Amino acid sequence: METWIIIAIVIAFLVWRMKPTKGVQSISVAQLKNMLDDKDKVFVDVRTPAEYKRGNIQQFKNIPLGSSFDKLPQDKEIVVICQSGMRSSQACKQLKKQGFERVTNVRGGMNAY
């Protein structure tokens, strides 16, 4: 019985962590490919510098998760990517808390690209 309670708590925690943040749009890599030339968007890669050096998308600026997002423009849409979509989701939550209105997460990250 105790094992089932622990399993239920773990599952509930994982579901809670993966639920989308209110106000954050989520797009596929196919949708991303169609918007890479849009100058009204700022593209941010939140992976580590080592991950970024191994392979990146030219339009994305590397700002590792945990860094300050203060220099990003508030008036443009911020599109965020990482390796799998988990860190970018966390970054999107941080951006929303900092008052950014238009924030987009790339589902699946570089793994899907």
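## Salt bridges and nonpolar cores

Arg47 and Asp45 form a salt bridge in which the closest N and O atoms are 2.8 Å apart, a salt bridge being a side-chain nitrogen of Lys or Arg within 4 Å of a carboxyl oxygen of Asp or Glu. This is a predicted model, in which local features need pLDDT of at least 70 and side-chain atom pairs count only at pLDDT 80 or more, while totals for chains, interfaces and linings use all residues. Residues are numbered from 1 along each chain as its sequence is written, and side-chain values use heavy atoms, with hydrogens and water left out.

Arg47 and Asp45 are both buried, where buried means under 20% relative accessible area, exposed means over 50%, and partly exposed lies in between (1.4 Å probe, protein chains only). Side chains of opposite charge can pair when their charged atoms come close. Four salt bridges are found in a search of the whole structure, and three of the pairs are listed here.

| Pair | N to O distance |
|---|---|
| Arg47 and Asp45 | 2.8 Å |
| Glu51 and Arg87 | 2.8 Å |
| Asp38 and Lys41 | 3.0 Å |

The salt bridge between Glu51 and Arg87 ties together parts that are 36 residues apart in sequence, because Glu51 lies in helix 3 (residues 49-54) and Arg87 in helix 4 (residues 86-97); helices (H or I, at least four residues) and strands (E, at least two) are DSSP runs, numbered from the N terminus. Glu51 is buried, at 16% relative accessibility, whereas Arg87 is partly exposed, at 24%.

Asp38 and Lys41 also belong to a network of salt bridges that links them with Glu77. Within this network, Asp38 is partly exposed at 27% relative accessibility, and Lys41 is buried at 17%.

The largest nonpolar core, a set of buried Ala, Val, Leu, Ile, Met, Phe, Trp, Tyr and Cys residues joined through side-chain atoms within 4.5 Å, has 15 residues, of which Val44, Val46, Phe69, Leu72, Ile78, Val80 and Leu95 touch the most other members. At least two residues of this core come from each of strand 2 (41-45), strand 4 (77-81) and helix 4, and helix 4 gives the largest share, three residues.

Leaving aside residues up to four places away in sequence, Phe69 touches Val44, Val46, Ile63, Ala91, Gln94, Leu95, Gln98 and Phe100, contact meaning heavy atoms within 4.5 Å. A second, separate core of twelve residues includes Val29, Met35, Ile81 and Val106.
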